[in-house]
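The following exercises concern the surroundings of a bound ligand. Each task is followed by a solution worked in steps.

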Amino acid sequence: MPGDKSISHRAVMIAALAEGETVIENFLAADDCLATIRCIRALGIRVEGPDNGRVRVRGCGLQGLREPEEILDAGNSGTTMRLLLGILAGQPFFSVLTGDRSLRRRPMRRVTDPLRQMGATVLGRDNAAFAPLAILGRPDLKPLCYTSPVASAQVKSAILLAGLFADGYTSITEPARSRDHTERMLREFGAEIHVDGNAVAVKGRPQLKGTEIAVPGDISSAAFLLTAALVLPDADITVIDVGLNPTRTGIIEVMKIMGADIEVFATRKIGCEPIGNIRARSSRLVGTSVDKNLVPRLIDEIPVLAVLAAVADGVTVIRGAEELRVKESNRLTAMATELARLGADVTETRDGLIIKGGATLQGTTVDSYGDHRIAMALAVAGLAARGRTTIRGAECVSISFPGFFEVLNSLRP
Ligand code: S3P
């Protein structure tokens, strides 16, 4: 599997703040993570690669970045923009961040508000709600004890990264626990991190030391192949060395509840992250319900879960997933509209989807909305459908899974 997107971003950013060299293996060389490398280079850090999945970062410590001469372009990547804002809040210089049309519409106040409370100056449209954003940071940020209204790893990470530049402890409490790769990796680089339920605290001004990071396979990318195996006849696939961080494995649990013949084995740890292999075979599936508390643990898998639900017997209800409306596209509307085009019975609700499974899907032309996960979910739906499905704008899979269609083709019997 291609490397984990979330972990790849964090490895480059945290390595840039560490002292000495970090070598990253199995880095995800996809558009989003390449945007992070470009931004880090524009901040004066030497980054070599990716070369066969290997990236070398020459970190210069917490104060080793320099004022960028150019606008930092995060492309389509929310993680790049939000996490970088956290780092830039601690820099005594001026930066401007922008992104593509999709990213410029995504909400940024969730990070710009707390970063302002810590002492950064941030300007942007609608009082720093949307990119382009201009930020003037300071190396002596005020520590913050923040309660976030949303369970978001991007918000949590931005605050923890800014907390590196504050004297004392900075903490964030979320309504539900989001992915914890930042906490794990900061610890790996030498920071002091405390976790207590849904609260995380970081001690400011640590000395981060360059290290080696092996990036696990991305479970969010694996989910498309696993779903394809579950919904197609006579299928049997195994994905190896996939990340199994418990804040990311909600999809496997839901698949099991739906009756999937799926097995996790050879579990072990690489560095600070658990990994393992996953085998999935053709299965008879039944509908289920997914509630708010589980959503952060499968946030990026809901589009493909909708495909699984459309093929399963019975009804699947997904609630508490309103965050999907502010992803790379409005993923609730996108999946409801496009699955309906394929013949599925899907109702969009304020915060989720109700899917009556069991319809026979019929291939047709569908739209990716320029969103990589919508394109890949629709490709899996297209495999389950009769006849040919054409996906408009399918090239956006390169955001997180370059070679996705080649991998699918290679799995043909
Ligand atoms: C990510 C966190 C999630 C996820 C995104 C990557 C990250 O977003 O949807 O694809 O790397 O931190 P939120 O934390 O904003 O929900």
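**Exercise 1.** How many Å separate a polar side-chain atom of Lys 327 from an oxygen atom of the ligand?

*Solution.* The model is a predicted one. In this model, the distance from a polar side-chain atom of Lys 327 to an oxygen atom of the ligand is 2.7 Å. With a cut-off of 3.5 Å for pairs of N or O atoms, this pair qualifies as a polar contact. As to burial, the ligand taken alone exposes 380 Å², and the protein buries 96% of that.

**Exercise 2.** Identify the polar atoms of Ser 6 and Ala 153 that lie beside ligand oxygen atoms, and state the distances.

*Solution.* Begin with Ser 6: a polar atom of its side chain is 2.7 Å from an oxygen atom of the ligand. Turn next to Ala 153, where a polar backbone atom lies 2.6 Å from a ligand oxygen atom.

**Exercise 3.** Determine how the shell around the ligand is composed and which elements supply it.

*Solution.*
1. The residues surrounding the ligand include Arg 10, Thr 79, Gln 154, Arg 179 and Asp 300.
2. By class, the shell divides into 5 charged, 4 polar and 2 nonpolar residues.
3. Two helices, α1 (5-17) and α7 (153-163), each contribute at least two residues; the largest share, 3 residues, comes from α1.
4. At the domain level, domain 1 (5-214) and domain 2 (219-410) each provide at least three residues of the shell.

**Exercise 4.** Which cavity corresponds to the space taken by the ligand?

*Solution.* The ligand takes up the space of the largest cavity.

Methods: Residues numbered from 1 in each chain as written. Predicted model: local features only at pLDDT ≥ 70, side-chain atom pairs only at ≥ 80, totals over all residues. Heavy atoms only, no water. Near = heavy atom within 4 Å. Polar contact = N/O pair within 3.5 Å; in protein donor to acceptor, adjacent residues only side chain to side chain. Areas by Shrake-Rupley, 256 points an atom, 1.4 Å probe, with all protein chains shown as cover. 1 Å grid on protein atoms, 1.4 Å probe; cavity = no way out; pocket = protein on both sides within 12 Å on 5 of 7 lines; lining within 4 Å. Sits in = over half its atoms within 2 Å of the grid points. Helix = DSSP H or I, 4+ residues; strand = E, 2+ residues; numbered from the N terminus. Nonpolar A, V, L, I, M, F, W, Y, C, P; charged D, E, K, R; others polar. Domains from an automatic or database assignment.
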